[in-house]
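Biologist: Can you walk me through the pockets, cavities and helix packing here? I'm new to this one.

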Amino acid sequence: MASPLLTTPCLLLDEPRLRANLVEMQAHLGRLSVGFRPHLKTAKSIDVARLAMTSTAGPATVSTLREAEYFAEGGVRDILYAVGIAPQKLDRIDAIRRRWDTTLTVLLDSVEQAEAVASWGARTGNLLPALIEIDADGHRSGVTPDDAQTILAIGRALGAALRGVLLHAGDSYGLDEPGALAEAAERERAAAVTAAAILRGGGLPCPVVSVGSTPTARWARDLSGVTEVRAGVFMFGDLFQAGIGSVAVENIALSVLATVIGHRRDRGWIITDAGWMALSRDRSTARQVVDQGYGLVCDLAGRPYPDLLVAEANQEHGILALRPGAGIDLPDLPVGARVRILPNHACATGAQHDRYHVLDGDGQVGAVWPRISGW
């Protein structure tokens, strides 16, 4: 069990669950004969990265340049910065590449960005590898896969910096049925292959065809034409992903340890010291079939109490209550008792903390792994 000496609230990471989630995804992608470039935006930890990557040098995906600096310093030499590039960031990217001899690839989806990268390269004498972002489903950024004119114009503006295409099927986060998720994965794959064919048909190189989200990675059945998959939150799991069907609740590796500090028996409340500053304000499961409040409450072994949620959260207070209509009594949790709370969104909850207290197979804290923040 987590040590009673731990100051609460704090972040727990169940290492056996983490490793099992990684093994399952790596085996699945291996069966599909595709490379794996783990997304480390959730992890923000070199210790987790070394478990997730296929080698200590990468490859890896990041979402901030702070992450790129941190992982490059930790020995990662193949990094993809998977957020659209702003010209003002190019000098910082070059500093990272030079200081740690790291290949750092950027992402863009407009001729304007491509011309900025090309102009910067001509001015500095550096070649900055770049991928074109393709919009698989109208979720966010990217060029539509049938817009051959724009895809080719971006590719030609990049010149020798062009490395291929990247897609993120973010719309898959709104699905919860295996068949629909498999179809989303196929649409993502088909859009990627279509965009790659446009580049190649125009006489341009496209060695990288990169796709990825946790739901589509989990439910993909065919990845022909794809060279790599990016996914990250699957290794921790969270209640939102459980609602989608990407991970089982019993496989969620991340939790927040909290202490009971009071009761309001007249209202059916148990009060803890873990409010939204420890859990985050994320309420993404409110849009799903099962609303998990601000988190699902578990015992110290990580077993959920029946229908016990963090129903409300103030800055430093978590209010535990039974799900409406539960028809059972609150568990006996006196002042000083400790609970583990499974998060709605692992990325958001993790961002509230600067370290993982890592649980071994006996539920004991066997290590502390630092994690970073910032941009």
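Biologist: How many nonpolar, polar and charged residues are in the lining of the largest pocket?
Modeller: By class, that lining has 9 nonpolar, 16 polar and 7 charged residues. Keep in mind that this is a predicted model.

Biologist: What volume does the largest pocket have?
Modeller: About 600 Å³ of space lies in it. Of the 32 lining residues, H39, K41, R140, H168 and Y173 are the closest to the centre of the largest pocket.

Biologist: And which element supplies the largest share of that lining?
Modeller: β4 does, with 3 residues. Strand β4 spans 78-84. Helix α9 (239-244) also supplies at least two residues of the lining.

Biologist: Next one down. What is the volume of the second largest pocket?
Modeller: The second largest pocket comes in at about 210 Å³.

Biologist: Which residues line it?
Modeller: From the early part of the chain you have N21, E24, M25, H28 and R31. The others are T214, R218, F234, S246, V247, A248 and N251.

Biologist: Which helix gives the most to that lining?
Modeller: α1, with 5 residues. Helix α1 covers 15-31, and α8 (214-219) supplies at least two residues as well.

Biologist: How does the lining of the second largest pocket divide by class?
Modeller: Into 4 nonpolar, 5 polar and 3 charged residues.

Biologist: Switching to enclosed space. How many cavities of 30 Å³ or more turn up in the whole structure?
Modeller: The search finds 2. The largest cavity holds about 50 Å³ of space. For the second largest cavity, the figure is about 30 Å³.

Biologist: What lines the largest cavity?
Modeller: E133, I134, D135, A136, D137, H139, R140, S141 and H168. By class, they divide into 2 nonpolar, 3 polar and 4 charged. You have met R140 and H168 already, among the residues closest to the centre of the largest pocket.

Biologist: And which residues line the second largest cavity?
Modeller: A185, E188, V211, G212, T216, A217, A220, L223 and V229. That lining has 6 nonpolar, 2 polar and 1 charged residues. Helices α7 (178-201) and α8 each supply at least two residues.

Biologist: Now the helices. At what angle do α3 and α4 cross?
Modeller: Roughly 5°. Helix α3 is residues 65-73, helix α4 is residues 90-100, and their axes come within 10 Å. The two helices are therefore roughly parallel to each other.

Biologist: Which residues make the contact?
Modeller: On α3, L65, R66, A68, E69, A72 and E73. On α4, R92, I93, I96 and W100. The contact of α3 with α4 has 6 nonpolar, no polar and 4 charged residues.

Biologist: What about α5 and α6, how far apart are their axes?
Modeller: The axes are 8 Å apart. Helix α5 (residues 111-124) and helix α6 (residues 148-158) pack at an angle of about 10°. That makes α5 roughly parallel to α6.

Biologist: Which residues meet there?
Modeller: V111, A114, E115, V117 and A118 in α5 meet A153, I154, A157 and L158 in α6. By class, the contact of α5 with α6 divides into 8 nonpolar, no polar and 1 charged. The charged one is E115.

Key
Residues are numbered from 1 along each chain as its sequence is written. This is a predicted model: local features need pLDDT of at least 70, side-chain atom pairs count only at pLDDT 80 or more; totals for chains, interfaces and linings use all residues. Side-chain values use heavy atoms; hydrogens and water are left out. On a 1 Å grid over the protein atoms alone, a cavity is a set of points where a 1.4 Å probe fits but cannot get out, and a pocket is an open set with protein on both sides within 12 Å along at least five of seven lines; lining residues have an atom within 4 Å of a point. Grid points are joined across faces, edges and corners, and a volume is the space filled by probe spheres set on the points. Helices (H or I, at least four residues) and strands (E, at least two) are DSSP runs, numbered from the N terminus. Axes are lines fitted to C-alpha atoms, for helices over the stretch in contact, and angles run from 0 to 180 degrees between N-to-C directions. Angles under 35 degrees count as roughly parallel, over 145 as roughly antiparallel, 65 to 115 as roughly perpendicular and the rest as oblique. Contact means heavy atoms within 4.5 Å.
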